[in-house]
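Hi,

Here is the structure I promised to pass on. Have a look at it first, and my notes follow underneath.

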Amino acid sequence: MTRLILASQSPARTKLLTDAGIRHQILVSDVDEDAVQARYGVTDPHDTALLLARAKAEAVASLPEAEGALVIGCDSVFEFAGEAHGKPYTADVARERMRRMSGSKGVLHTGHWLVDCRDTEADGGNEAGAGSGATLGHVTSAEVHFMEMSAAEIDAYIATGEPLQCAGSFTIDGYGGAFIRKVDGDPHAVVGLSISTLRGLLGQARVSITELWTTGAADPALIRAE
């Protein structure tokens, strides 16, 4: 059975996979993001997202528990006014950012990195179930347009605690969705993991995403219910 490991503790990412009916396990990486960025000197938001996704995936792929599995690492960076915004962590930082973002727009970059930890065969991995040896990545970006937010709304949103641990100080799948006017691009990427990008990466590793499907996807009847 093909195993997929998500190298992230993000509830939003595992919910995306679960709702899409994609069987996976969670194994959290112990990556110092600041140290990784300092080591490579990467400041471009697009490249930073990919660098950190790779660091997380490779850290988990090196663990014994990842043997025989495919590991997907993800990281999101919000680009606003030419600056890279990660998690704000504090209310003051989140408040300052949201005041600037009100009525404006930015780009959310989500890096994806896949490592194939399955055994490869001596004949080049052509046998069924053989690993590809792949280690590859892709960044999926989406432009996020924000509505005008009052000072009271910003304070109320920060009081929920939701934006403090989110890249860019917002979410689309929680309270923050009330302040997003539209998204140009893959909305899954804004949540933190593009399902279509994952499909593409798996395909390059000679794995069909349908091999990971379970019966646990979101019920279409509930989704369509009014």
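Just past helix α4, G103 has a positive phi of about 75°. Helices and strands here are DSSP runs (H or I, at least four residues, for a helix; E, at least two, for a strand), numbered from the N terminus. Bear in mind that this is a predicted model, where local features need pLDDT of at least 70 and side-chain atom pairs count only at pLDDT 80 or more, while totals for chains, interfaces and linings use all residues. Residues are numbered from 1 along each chain as its sequence is written, and side-chain values use heavy atoms, with hydrogens and water left out.

Staying with α4 (residues 91-101), its buried residues are A94, R95, R97, M98 and M101. By buried I mean under 20% relative accessible area, with exposed being over 50% and partly exposed in between (1.4 Å probe, protein chains only). Those α4 residues pack against β3, β4, β6 (135-146) and α5 (151-159), where a contact means heavy atoms within 4.5 Å.

Two more backbone spots to check: most residues other than glycine have a negative phi. Y89 and S169 go the other way, as phi is near 70° in Y89 and also near 70° in S169. Y89 sits in the loop between β4 and α4 and is partly exposed, at 49% relative accessible area. S169 is in the loop between α5 and β7 (180-184), and it counts as buried with 0% relative accessibility.

Now the pocket. The largest one holds about 980 Å³ of space. Its lining has 38 residues, and those closest to the centre are R13, K87, Q165, C166 and A167. For the method: on a 1 Å grid over the protein atoms alone, a pocket is an open set of points where a 1.4 Å probe fits, with protein on both sides within 12 Å along at least five of seven lines, and lining residues have an atom within 4 Å of a point. Points are joined across faces, edges and corners, and the volume is the space filled by probe spheres set on them.

Which elements each supply at least two residues of that lining? They are α1 (11-19), α2 (33-40), α3 (45-61), β3 (70-80), β4 (83-85) and α6 (187-191). The lining divides into 16 nonpolar, 13 polar and 9 charged residues; Ala, Val, Leu, Ile, Met, Phe, Trp, Tyr, Cys and Pro count as nonpolar, Asp, Glu, Lys and Arg as charged, and the others, Gly among them, as polar.

In α3, P45 is buried, with a relative accessible area of 6%. Leaving out residues up to four places away in sequence, P45 touches V77, E79, E83, A84 and H109. D47 is in α3 too, but D47 is partly exposed at 39% relative accessibility.

As for the whole chain, there are 8 helices and 7 strands. The radius of gyration is 18 Å, close to the 17 Å that the globule rule gives for 226 residues, so the chain is as compact as a globular protein of that length. That radius is taken over C-alpha atoms, and the rule is 2.2 Å times the number of residues to the power 0.38. Of the 226 residues, 46% count as buried. Among contacts with a separation of 6 or more, 71% involve residues 24 or more positions apart.

Cheers
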